[in-house]
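The reader may wish to know on what grounds certain descriptive terms are applied to a structure. The questions below take up such terms one at a time.

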Amino acid sequence: MSPRAATSRPAGWASWVGSVLRGLWHRVLHLWRASLGFRVVVVTMLLGILVLAAVGTYLYGSIAQGLVDSRQRIAAEDSLRDATDAQGQFDSTDQTDTQAKLTQFATTLINSYRRDAGNETRYVVLTRFDDNPSPVIVGPIESGSVGVRFIPDELRREVAAQPKRQHLQVATIEEGNTSVSAVIVGQKVVLPVAGDYGLYFIYPMDREREIINFIGQTFLFGGAALTLLIGAIAFVVTRLVADPVRRAAAVAERFAEGNLNERMRAKGEDDLARLANSFNGMAASLQQQIGQLENLSRVQQRFVSDVSHELRTPLTTIRMAGDLIHDSRGDFEPTVARSAELLRGELDRFESLLSDLLEISRFDAGAAELEVEASDLRGCVERAVDAHRTLAARKGTQLVVNTPPSPVIADMDSRRIERILRNLVSNAVEHGEGRPVEVTIGSNDTAVAVTVRDHGVGLRPGEAALVFTRFWRADPARARTTGGTGLGLAIALEDARLHGGRLEAWGALGEGSCFRLTLPRRAGATITGSPLPLSPLLAEAARARAGAPGDSGGDGAPGAGPRAGDPAGTSSAADDDTVRLRRIVVERAP
């Protein structure tokens with residue numbers, strides 16, 4: 001195996017393990033966010049673990065301390081009895097002739113006190129006090145592998161300092177290859193001829209250690225089992241509450257989708273049953289109110305449609321009489337002739353209003369249909385602009401059209417799109433204060449767009465959302481010259497929505513307004529973004545920044561012409577207004 005393969009295999013395993021862990025973590029986070037039951041079970045188990053750990057630690061410590069205290073008490077009583085017996089044996093012995101006899105007697109006696117049988121082990125040690133002046137030396141004597149070296153110096157000093165008392169201490173000793181705690185009890189004994197010695201009984205706590213370990217394992221496994229049981233109980237209890245909530249959510253979703261007959265099942269008299277009854281009552285009330293509104297809407301739509309149709313016949317008669325009067329106005333007095341002209345103009349507006357009302361009623365009734373075909377948007381724009389050349393000339397307004405050289409093809413109903421554009425251009429000329437009106441066409445991979453920009457009075461803050469309201473006017477006292485009905489933008493918005501497109505407005509006082517129509521290239525497609533900006537000030541300022549001194553190109557990249565999305569191409573006027581545009585953008589941009 002090559003070194004490269006040997007180093008790449010651990011890296012591959014590490015990457016795989018990391019991806020698996022990340023996947024598990026993402027799944028856990030998704031469950032945590034999406035499942036109420038999962039959160040309740042996890043939180044309950046965590047709290048259960050904390051409580052069990054606290055209680056288990058306290059009980060474990062209490063039991064362990066109780067075992068140690070019990071062992072110390074038993075060791076003290078047992079060693080006191082044997083130490084008293086040992087002192088009596090030394091007092092009554094006659095093996096004091098020589099040091100060897102005394103040592104042999106002491107060794108035999110100490111070994112007799114050792115215990116190795118059963119569950120209890122005890123070691124005995126006899127050692128001479130450091131301040132013993134007797135020339136006869138016995139020992140030290142050890143009854144097993146645990147000897148003098150395991151007796152703490154502190155305990156030996158206490159026994160020597162207070163010989164009339166029994167002294168006890170817990171220390172760690174070694175039995176073979178293991179270490180274990182032991183209770184060591186020391187007491188003074190007096191050997192004949194040899195003087196003062198310390199007698200120590202060593203009790204290893206092997207049994208207590210086994211009991212404590214068993215208790216710890218029992219607590220551990222019992223706590224784990226209890227935690228799982230708590231989790232299972234929390235899961236069952238959560239299901240009892242969460243399942244009705246899920247069913248209520250499903251019913252509410254179906255109700256929101258329009259299935260007004262959906263109801264929740266109510267069982268019993270608990271809180272969930274009261275919730276179901278309240279929801280059902282609310283649903284019934286909403287269904288009744290929605291039904292009333294639908295009936296009212298149908299009546300209103302039918303009324304508008306019927307009135308519009310019924311007015312057609314008298315309007316035709318009035319139209320014929322008005323045309324006759326208008327044609328004969330030369331034979332009338334000037335005031336009567338002027339009245340005939342006004343009558344002709346108002347009849348035109350009345351007829352337009354009836355047509356718009358009929359169109360609105362078709363939209364409200366859902367009867368409007370599209371005649372979609374692949375068309376060039378440039379043709380619709382040209383026809384809409386040409387239709388307003390006369391009006392623009394009368395207002396002193398210049399119509400500037402920026403069209404790309406290649407066709408802008410989209411699936412659309414040309415009649416409706418042309419109606420939208422005629423309305424936008426008409427409004428721009430009407431409110432443009434005689435300044436130029438710019439019409440720009442743009443496209444991208446998913447959408448086509450047209451912007452109509454005027455430089456008139458503009459819109460106040462918040463009015464951009466109101467311009468599409470039926471019969472709404474920014475200035476009701478303003479005189480109109482084109483005879484609008486107040487329904488044009490509302491119809492234009494419905495036409496745009498019918499295509500799956502957007503019609504949006506922007507305006508600022510003193511800077512004019514801009515309307516943007518965005519349509520999908522393919523019928524039924526989703527628009528991901530418009531190819532033209534809605535705010536022309538920001539677009540112009542961006543071009544101005546791109547054309548600042550030091551850049552090789554005047555309005556963008558070197559040698560670039562107007563970019564898709566720019567309201568217009570480069571011009572000397574835009575260059576002259578660079579400083580003003582920058583100031584406006586800084587003040588108005590969020």
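The following exchange concerns a predicted model and the terms used for its sheet and helices.

Q: What makes β1 and β5 paired strands?
A: Two strands pair if at least two bridges are found between them. Six bridges join β1 (residues 123-128) to β5 (residues 195-204), so the pairing condition of at least two bridges is met. The two strands run antiparallel, and L126 has L199 in β5 as its bridge partner.

Q: Why are β2 and β3 said to stand at the edges of the sheet?
A: The open sheet has five strands in the order β2-β1-β5-β4-β3, with antiparallel pairing. β2 (141-142) and β3 (167-175) each have a single partner strand, so one side of each lacks a neighbour in the sheet. Helix α2 (residues 36-92) packs on this sheet, where α2 touches β1, β3, β4 (178-191) and β5.

Q: Why is helix α8 called mostly covered?
A: A residue counts as buried when its relative accessible area is under 20%. In α8 (residues 377-386), seven of the 10 residues are buried. These are L377, R378, G379, C380, V381, A384 and V385.

Q: How is the packing of α10 and α11 described?
A: Two packed helices are described by the angle and the distance between their axes. The axes of α10 (residues 414-431) and α11 (residues 488-498) come within 9 Å and cross at roughly 145 degrees; the crossing is left-handed. Among the residues that meet are I420 and L424 in α10, and I491 and A492 in α11. By class, the contact has seven nonpolar, three polar and three charged residues.

Conventions: Residues are numbered from 1 along each chain as its sequence is written. This is a predicted model: local features need pLDDT of at least 70, side-chain atom pairs count only at pLDDT 80 or more; totals for chains, interfaces and linings use all residues. Side-chain values use heavy atoms; hydrogens and water are left out. Helices (H or I, at least four residues) and strands (E, at least two) are DSSP runs, numbered from the N terminus. Contact means heavy atoms within 4.5 Å. Axes are lines fitted to C-alpha atoms, for helices over the stretch in contact, and angles run from 0 to 180 degrees between N-to-C directions. Buried means under 20% relative accessible area, exposed over 50%, partly exposed in between (1.4 Å probe, protein chains only). A crossing is left-handed if the near helix is turned anticlockwise from the far one by less than a right angle, and right-handed if clockwise. Ala, Val, Leu, Ile, Met, Phe, Trp, Tyr, Cys and Pro count as nonpolar, Asp, Glu, Lys and Arg as charged, and the others, Gly among them, as polar.
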